[in-house]
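Welcome, and please bring the model up in your viewer. We will go from stop to stop, with a selection to make at each one.

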Amino acid sequence: MSRIHAPADARRTGGVMRYDHEAIEAKWQQYWAANETFKTPEDRTAPKYYVLDMFPYPSGSGLHVGHPKGYVATDIVRRAKRMMGFNVLGVMGWDSFGLPSERQAVKEGIHPEEVTRRNIDTFRGQLQKLGLAYDWSREFATSDPRHYKWTQWIFRKLYEQGLAYQADVGVNWCPALQTVLANEEVNDGKYVETGDPVEQRTMKQWMFRITEYAERLLAGLDGVDWPESTEKKQREWIGRSEGAQFRFDVKGTGESFEVFTTRPDTLFGCTYAVLAPEHPLVERITTDAQRAAVAGYLEETRAKTDRDRTTQAADAPKTGAFTGAFAICPVNGEAVPIWIADYVLASYGTGAVFACPAHDERDYAFAKTFGLPVREVVAGGDVSAAAYTGDGPHVNSDFLDGLDIAAAKTRIIAWLEENGIGKGTIQYKLRDWLFSRQRYWGEPFPIVFDDAGNPHLLPESQLPVTLPELDEYKPTTGPDGEPLPPLARATDWVNSPYGRRETNTMPQWAGSCWYYLRFLSPDRDDVAWDAEEEKYWMPVDLYVGGNEHAVLHLLYARFWHEVLFDLGLVTTPEPFQRLFHQGMIHALAYNDSQDMRGKFYYPEEVDHSDPSSSTATVKATGDTVFVKNMKMSKSRYNVSNPDDLCREYGADALRLYELFMGPLEEGGQWEDAGVAGTKRFLDRVWRLVVDEDTGENTAKLVPSADDRDLDRALHGAIKKVTESVDDLRFNTSISELMKFVNVATKAEKVSIDAMEAFLRVLSPFAPHIAEELWQRLGHTASIATAAWPAWDEAKLVVDSITLAVQVNGKVRGTVEVPADVDQAGALAAARAEPNVAEWLSKGELKREIYVPGRLVNLVVKM
RNA sequence: GCGAGAAUGGCGGAACUGGUAGACGCGCUGGACUUAGGAUCCAGUGGGGCAACCCGUGGGGGUUCGAGUCCCCCUUCUCGCACCA
């Protein structure tokens with residue numbers, strides 16, 4: 001029970017009892033911890049609400065003010081929903097495996113675990129200073145064997161389902177990091193996190209058959225409440241396209257190849273075929289005459305980066321080489337030349353296409369480059385000028401003539417199927433998920449290899465497979481000089497009684513794929529999660545995090561969840577019912593180059609006294625620097641530190657400003673001065689209750705006071721805050737809270753009931769001061785356990801309203817009328833307004849418009 | 001190139017289904033109280049004009065009694081995606 005009853009030991013300075021945020025915030029944080037105020041309730045009869053923040057990676061650099069924005073938002077939801085009678089599951093933990101800790105450990109010569117523990121302590125400390133209402137008893141880290149035992153357990157499940165396999169695949173190898181990266185981690189030929197260059201290699205890797213779930217992952221999006229743009233990104237990432245796959249025979253050989261197309265209806269317009277340079281047939285069908293040309297082209301292609309090959313516009317000039325071979329177009333028996341070209345990707349579809357330049361921009365560009373014929377088969381465009389991709393009747397197409405695209409597709413697919421040449425199929429852009437990394441600081445696989453090199457699952461009883469101690473965490477090399485992961489150094493560990501252990505580890509995504517389930521029963525060592533708890537708490541009702549995870553984490557987690565659902569281990573097909581992305585916080589950055597790629601300067605190094613100017617002056621040198629609002633980041637020298645702001649203004653003021661600065665989904669531009677503003681607001685709240693001269697409660701607070709204006713402000717605030725808990729528009733609800741304080745400050749008397757109701761709706765935003773004032777008003781239990789107040793619509797209505805009176809759409813005056821005025825009364829009052837009457841006298845009144853409660857518009861013909 | 005979103009005072013941002021544009025806050029100006037104020041309180045604050053009034057939501061058209069909001073065209077910015085046949 002509550003152990004701290006002493007009144008706030010707020011600092012008395014010169015007899016003034018000011019709001020001492022440091023003492024009060026520390027006091028209540030201790031109180032919440034000591035009383036386990038936010039421990040998840042045991043009762044399972046109340047409605048539940050699972051609010052989750054995206055799992056943070058505890059980096060070494062700690063938090064800047066951009067990080068807690070989402071956590072503050074979810075904290076308001078947690079606290080308010082709790083007061084509304086929900087059982088709230090609010091938890092925080094650490095996605096603590098990962099390369100940065102490993103690199104930091106190498107650098108400092110200590111164990112990654114130690115780095116991780118230190119970073120977690122920093123993060124936890126920073127978050128706890130913000131007064132976030134987490135159930136800290138459920139905290140866990142993915143790098144804890146108690147947790148990763150179950151990550152390995154889930155891997156076993158996926159393996160047993162045939163969803164995990166090893167394959168020799170072309171991978172993104174990062175020489176600097178000595179590891180492979182997932183496609184999603186590579187952009188522009190570089191590792192997205194560090195910018196280190198990435199090259200292509202073929203290696204044996206673990207893969208997940210996420211492609212088997214492509215259709216399910218698409219369908220599941222229909223049932224969730226997610227931002228439209230994120231759903232769209234996932235759909236596009238999965239990239240479903242319907243079409244046909246069929247066979248082309250290579251003339252004069254026994255060979256054939258399959259093509260995939262979404263436009264089988266244009267088959268009569270086929271004038272050549274193209275194989276990807278990597279296509280296995282290339283070697284076999286190239287004629288001697290063309291061998292040199294083909295070899296030359298393959299060399300050229302190899303030299304190109306993936307990006308060079310895949311980031312061209314459709315109508316960009318093409319490259320390629322003729323193989324000398326011809327393919328037989330199945331629909332008309334024509335022999336068409338077979339080319340190779342890097343605009344055809346080996347990794348998509350069948351790695352081969354038939355080309356119909358008349359109706360495909362890429363084929364058109366290629367045909368123009370190499371002087372290949374163009375044959376129109378869909379009327380409606382001018383194929384002598386450009387490819388025509390619109391609809392129209394087919395021509396030059398035998399049995400398809402006259403049909404539109406849709407009908408022609410159906411017809412040709414039926415024909416292909418009847419003749420045993422091919423069939424209608426669906427292709428996805430989604431590729432199988434590369435799941436292994438050559439790193440130390442990740443989950444070991446529960447896999448051993450036999451002497452023949454075949455993988456076997458370790459029995460469940462052998463989990464967790466823990467990370468062995470190493471002298472060094474750097475990658476190593478094998479007897480043939482091939483690169484080996486750091487775990488290969490642990491020879492005793494590798495040679496287990498069950499076989500040779502897998503030395504790759506899982507990627508960082510693994511832990512975050514199911515952490516939301518572990519939070520349900522993190523103390524259980526006998527199960528990954530408790531089935532009853534899963535039934536009660538899942539799905540996550542509100543998931544808040546940045547949109548940078550729109551595809552990767554959210555797609556991977558959904559995939560695992562779907563598999564677990566199929567196995568009957570979870571009861572909902574989707575893990576995250578509602579998703580919300582908080583915006584990225586920006587702040588002014590100063591750089592000596594206009595493109596912001598030069599040297600950055602700290603705000604205190606420059607003089608930017610004219611905020612409307614896009615340039616500033618470096619104080620020391622007088623040089624001009626450019627000013628731009630940029631994402632807050634250490635490297636741009638534009639971060640604000642939450643610890644400093646907590647010290648100066650308090651966590652409550654910081655929390656308020658995080659959300660007051662703008663809509664949650666937009667980031668907003670950070671200004672430390674804004675925190676001073678929300679601090680002033682809290683000072684005024686304080687003075688409503690506390691007489692700063694005596695430290696006693698103010699005389700202003702009385703048992704009852706009849707004040708319609710104050711009631712309206714109060715109930716307006718209650719209503720707005722209550723609604724914002726669902727629509728997450730906290731910036732406007734904070735302004736309603738401010739309005740109440742403005743009215744209350746001016747009022748002679750404020751009823752204690754009104755003040756208490758206000759404190760309750762304020763408490764999710766500024767919990768420390770709300771607790772303190774609540775206690776000063778005589779309450780012994782935490783305000784977090786108080787009931788949420790209801791608003792009274794009757795209190796929101798006003799006796800009289802001000803109507804704007806327009807003449808021809810321009811406001812010419814206002815009139816006070818009773819709130820329940822009828823149309824005739826409103827119009828009469830409007831016409832009587834002196835200034836309006838004068839305008840009316842200038843012309844003929846043609847029309848009167850009355851918008852109840854708003855305005856009157858009188859249309860006058862002058 | 002394609003797609004999505006955005007553009008409102010000196011600044012961050014309000015404005016429900018078209019209905020008094022600029023709520024709330026920052027900053028600024030003036031005043032009060034003060035030994036002092038970077039504390040607090042009061043008043044003011046889109047631009048122009050003594051005023052009536054005029055002009056104002058990136059630019060240009062349109063619909064409407066009435067447009068920040070709806071439609072068309074354009075500009076700029078942000079964020080995704082990038083030859084997927």
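A salt bridge here is a side-chain nitrogen of Lys or Arg within 4 Å of a carboxyl oxygen of Asp or Glu. Before the first selection, note that this is a predicted model, in which local features need pLDDT of at least 70 and side-chain atom pairs count only at pLDDT 80 or more, while totals for chains, interfaces and linings use all residues. Residues are numbered from 1 along each chain as its sequence is written, chains are lettered from A and ligands numbered from 1 in the order in which they are written, and side-chain values use heavy atoms, with hydrogens and water left out.

**Stop 1: charged pairs**

Select Glu231 and Arg235, whose side chains form a salt bridge with N to O at 3.2 Å. Both sit in helix α7 (residues 228–238), 4 residues apart, about one turn of the helix. Helices (H or I, at least four residues) and strands (E, at least two) are DSSP runs, numbered from the N terminus. Is Glu231 buried or exposed? Its relative accessibility is 13%, so Glu231 counts as buried, whereas Arg235 is partly exposed at 31%. For these words, buried means under 20% relative accessible area, exposed over 50%, and partly exposed in between (1.4 Å probe, protein chains only).

Next, select Arg291 and Glu283, a salt bridge whose closest N and O atoms are 3.7 Å apart. Arg291 is partly exposed, with a relative accessible area of 34%, and Glu283 is exposed, at 57%.

Now show Lys795 with Asp711, a salt bridge of 3.6 Å from N to O. This pair links distant parts of the chain, 84 residues apart: Lys795 belongs to helix α25 (residues 793–796) and Asp711 to helix α21 (residues 708–727). Lys795 is partly exposed at 34% relative accessibility, while Asp711, at 16%, counts as buried. For a network, select Asp53, Asp75, Arg78, Arg79 and Arg655, which are joined by salt bridges that share partners. The count of salt bridges in the model comes to 44.

**Stop 2: the domains**

Zoom out and colour chain A by domain, with bounds that come from an automatic or database domain assignment. The assignment gives domain 1 (46–151 + 511–580), domain 2 (161–235 + 432–509), domain 3 (241–427), domain 4 (586–631), domain 5 (641–794) and domain 6 (798–861). If you place a marker at the C-alpha centres of domain 3 and domain 5, 67 Å separate them.

**Stop 3: a parallel sheet**

Show β4, β3, β24 and β25 in that order: they make an open sheet of 4 strands with parallel pairing. Two strands pair if DSSP finds at least two bridges between them. At the edges are β4 (87–91) and β25 (579–580), each of which pairs on one side only. Strand β3 (residues 48–53) and β24 pair over 3 bridges in the parallel sense. Label Val51, and opposite it you will find Leu542 in β24. Then add helix α2 (residues 68–83), which packs on the sheet and touches β3, β4 and β24, contact meaning heavy atoms within 4.5 Å. The direction of helix α2 makes about 170° with that of β3; axes are lines fitted to C-alpha atoms, for helices over the stretch in contact, and angles run from 0 to 180 degrees between N-to-C directions.

**Stop 4: nonpolar cores**

A nonpolar core is a set of buried Ala, Val, Leu, Ile, Met, Phe, Trp, Tyr and Cys residues joined through side-chain atoms within 4.5 Å. Which residues have the most contacts inside the largest core? Select Trp670, Phe681, Met755 and Phe758, from a core of 92 residues. Helix α20 (residues 672–689) gives the largest share of this core, 8 residues. Domain 1 and domain 5 both give residues to this core, so it lies between them. Centre on Phe681: not counting residues up to four places away in sequence, Phe681 touches Leu656, Leu737, Met738, Val741, Phe758 and Leu762. Apart from this core lies another, of 77 residues, including Tyr50, Val448, Tyr516 and Leu554.

**Stop 5: backbone details**

Most residues other than glycine have a negative phi, and most peptide bonds are trans. Select Leu463 and Pro464, joined by a cis peptide bond with omega about -5°; Pro464 is in the loop between β19 (455–457) and β20 (476–477). Another cis peptide bond joins Met538 and Pro539, with omega about 0°, and Pro539 lies in the loop between α16 (531–537) and β24 (542–544).

Finish with Tyr637, where phi is positive, near 60°. Tyr637 is in the loop between β30 (624–631) and α18 (642–649) and is partly exposed, at 29% relative accessible area.
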